[in-house]
Each structure stands twice: as structure tokens, then as C-alpha cells.
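I opened this notebook to keep track of two things I wanted to look up, namely enclosed space and cysteines. My entries follow in the order in which I looked.

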Amino acid sequence: MNKHKKTSWVYTPKKINVWRGIGFGMNDLMGGGWNNIVSGVIFVFVMSNGISPALAGAITGIGRIFDALFSLFFGAITDGFYRNKLGQKFGRRHFFILLGGILFACIFPLFWVKSTNWVYYLVVYVAIELIIAMILIPWETLPTEMTNDYNLRTVLSGSRMVISATGTALVFFILAALKHAQNPNAYLVTGIIWTIIFVIAIFTSYRSTWERPLTEDYVKKLNAQPRLSMGEFMKKTVHDYFSTFKNKAFRQHLAIYLLSFTGKDFYSTMLPTFIVCCINGAKEDLPWTLQALSAVGILATLAATRIMITHGPRFLYGLGYSTIILTMIGYIVTWIFDVNNPVVILIVISLFYQCGRAILEFTPWNVFPFIPDVDRIMTRQDRAGIYAAVMTFFRKSTGAIASWIAGILLEVIGFNSKSMLNYGTTPHSIQFGIMLIFFVGPVLLIGWALWISRKFKLNRDTHEILKNEITRLENGGSKADVTPETKEVVEELTGESYDKVWPENVPDQTKANN
């Protein structure tokens, strides 16, 4: 298209290799780092300013609900942003990545200023969450736009998760170092350093990726569609989002993703309080040191990338979730025996936990790029943005629930953030309550995810069968000629009768886009 010549790199496919994968994945240095800041740092930081646990949990809880509602509609906005001149010039996905990166650089440092006003933290936090959603939702659709190949998408997603693990390690390593040095402004200095690193990562990813080309015929066809009023747009968007739950593979995927990540959130939220208040001899910097061991997750992610190809996601789910459950038992045994200053023991346990956590984070986002292909055979449409928005909406909603419930439960058991500052000042009865919150939440949720994952059938082999069937139908093949094996796979993944997939009365949107 002539309109795209000035910024042709946005629509020009390039060879995908490890370096290109790293460039794409750099954005998750911020994404992965921020998620761990939300679940592992903000709660403790706000309480350190004398704000009660219930209000500390409410900041991320209320903030993420606002953000989740925003995210619910934002995916559809990016899907249709090609109509706008800015979308045509900068890319319907890339425009928002660019704008979000600029806003992030301005707003993010403000959160780390000391204050006793929880409303201040709430307002800044909401702004940050909306900005990050503006960046992540369009970015998460890019593997689907950049390639249709399973292995190449795995390279992109695998590189992303390596970078995410690096972001997690950086977040906690920097904070642990400043806490160990007893810097009185440790959180503010750390926040500024995080801002610099994250902004560089966002713009690296922005320049390293591209979008599916918009041909003249496709744009003319889409521009000919009637524009919807705000009410009509919201109604259609809600309908589209509910329609994703017809996709059996997506229902299973979403349940596994939400349960496991929420369990991880409980761990991250409660670990600092559990370590400092329940472990004999623990110092203030120990929780961040243990979290910084997430660096080992980089190696675990590299291994998981290979295992994803050779054994598939179901094997990875079992490996990661079982490891985490065993390590949670290890933490509790350490508390039960009241080991004095068990730093070495906790380091060993945490190393295994971080390997399990890396696999937990790696697997769902490696599965996600193939979910729109299941929807593709069901609807003949390209709806990657809708699926990304639905995942983001529910993820943020459950993340809010985890932090909020943790704060409320601490308040219920009588925990006082002003007086119960360490092992010596926390009564044993309060320690017992902290231990229960820390242990039961992650184990219950991750165990549930493990059970569901045993029934998950989307993998490299079934995806290849699905993709070949889509190609056959795109090229005019008859549904009556489907093989028994293909029919079984399609019905297993979609949850619908084969007769209902690839509806004849729906235009082939993706074919028009090529």
C-alpha cells in the first residue's frame, strides 16, 4: 500500500531467528518484571509506609479491576485501528506500543515516592496499569501476525519467556542489593532504575517486530464495513468475547493459566511477610534475595523451549506444577521445625521453586499463539486481538483477587504492619495464620490447574493437523473429504461437531488479508 511506504518496516516480514526472537521478547522484560512487582513488591512497599494490609491489597485490587475493564475492550480497538490514519502509518498494534512507552517513562517513577496516602498510590497505580495494557495487548498478538509456523512461534514465545525470566531476576536483584546496602530510599532508586531498563526494552521490541501486511483489497473491504456507535461497539465486543468460550481449547487454556498464575501471585504477595515474620533469623533483604534467584529460571526456560517442541505443553504443566507444590511443602517444613537462620535451606528450596515458576510462566504463553488458529477453523476470522484481550482481562481480574484477599486475610488474623515487623515481634498465632495463607492459596490453585492440564490436547502434532486442515479448506477443499483423524482432532480442540466448523456463510477474512 502507498500509505505504508514511509514506514514499510512495520509491514515487512523478516527472517525469524534467535536474535529476532530476543528483540520481540524484550518487551516482556517490562511485562514480566511488572507482574512480579505487582505481586511481590507493591504490597510490601505500601505497607512499609504504614498503610494497613487491607488497604495495601485494595490498591492493586481496585486498580486491576479498572485495568481489566479497560483491557476488555482494548484488544478490539487495536484490531480495528487500521481504519485510523495513525494506525495505517504506524501500525494498528505498533502505534499503541509506541504511545504506551512514552507515557510509561513519564508516570512509572511517580509510584515510588513515599506517601501515607493510599489514594495517591491507587491513582498512580491505575494509570500505570492502563499504560502497560496499552503496550502488552497489541504486543501479545504479534507472534500470530509475524508467522504461522509452530516452531518459529515457539522461538518467539520462548525468547519472550527467557527475557521475562531475566526481568523477574533484575527486579528482585536490584531491590535486594539496595536493601542489603540499607539505602533509605531503596524503593525510589530502584523504581528509577526499573524505569530506564523497561523503557529501553519497550522500544527495542517496538523496532524489532512487524505486523501482517494490509493489502489494498483487504483494507477496501474493511473500510466498506459500517462504523458502529459506541453502544453498538460495546455490544458487539462483549458478544465477541463471550464467543471465545465456545472454543474448548481456549476454555481449558484459560482455566490452567488463571489458576496457576493466581497461585503464583499468592506466593509472591505473601513470601516477604512469611520470611520476615515467620522465619527465625531472617533479615529484611532475604525475601528479595530469594526472589532474585529467579535468574535460574532463565536456564529452566531454555530447557522448557526444547521440551515444548519434543514433549508438548501437557508434560511441561505437570513438571512445573509438581515442582512448585513440593517446594511449598519445603517452606512449611522449614517453619514447622523453626530452623534458626535457614538461609541455605531456603536458597535450595527457592532455586527449585524458581525453576517451576519459570515453566509455569513459559508454557501458557507458548500455547497462546496457537489458540487463534483453533478459533480460525471455527469462525474463519482473524481474532487474535480479542483472545489476547480476554486473557489479559481475566488475568488481571484474578491477580487483583489474589492480592486483595491476601491483604484482607492478614487483617482478619490480626496482622499489624506497624508493629509486627519481624520474627521477634510477630506472635506465634499470627505466624500460623501467615503460614496458612502462604501455603494453602498456591497449593490449592496450582493443584487444580495440574488436574485440568491432564486433559489438554493442543500440542505440536494436533496443531499441525489443524493447520493443514485450515489450509485445505482455504484452498477450496470440501468438508466432506476430511479424514477421520483430522475430524477427531478438530472436534477435540474446538469442542464442536465438525459439521459446525468453517461456516460457509462467513467470508474468509484471513485469505482476504493475504
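Entry on Cys277. I began with a single cysteine in what is a predicted model, and I noted that Cys277 has a relative accessibility of 3%, so I put Cys277 down as buried, the cut-off being under 20%.

Entry on Cys355. I then looked up a second cysteine, and because the relative accessible area of Cys355 is 25%, I recorded Cys355 as partly exposed.

Entry on disulfides. How many disulfides does the structure hold? I found zero. For Cys277, which is in no disulfide, I wrote down that the nearest cysteine sulfur belongs to Cys278 and lies 6.2 Å away, whereas a disulfide needs sulfur atoms within 2.5 Å.

Entry on cavities. I turned next to enclosed space, and a search of the whole structure gave four cavities of 30 Å³ or more. The largest cavity holds about 260 Å³ of space, and among the 22 residues that line it, Gly31, Asn35, Glu140, Tyr257 and Trp365 are the closest to its centre.

Entry on the lining. Which helix gives the most to the lining of the largest cavity? I found that α2 does, with six residues. At least two lining residues come from each of α2 (27-48), α6 (118-140), α8 (150-180), α12 (248-278), α16 (343-367) and α18 (384-412).

Entry on residue types. Last, I sorted the residues that line the largest cavity, and I counted nine charged, seven nonpolar and six polar.

Key. Residues are numbered from 1 along each chain as its sequence is written. This is a predicted model: local features need pLDDT of at least 70, side-chain atom pairs count only at pLDDT 80 or more; totals for chains, interfaces and linings use all residues. Side-chain values use heavy atoms; hydrogens and water are left out. On a 1 Å grid over the protein atoms alone, a cavity is a set of points where a 1.4 Å probe fits but cannot get out, and a pocket is an open set with protein on both sides within 12 Å along at least five of seven lines; lining residues have an atom within 4 Å of a point. Grid points are joined across faces, edges and corners, and a volume is the space filled by probe spheres set on the points. Helices (H or I, at least four residues) and strands (E, at least two) are DSSP runs, numbered from the N terminus. Ala, Val, Leu, Ile, Met, Phe, Trp, Tyr, Cys and Pro count as nonpolar, Asp, Glu, Lys and Arg as charged, and the others, Gly among them, as polar. Buried means under 20% relative accessible area, exposed over 50%, partly exposed in between (1.4 Å probe, protein chains only).
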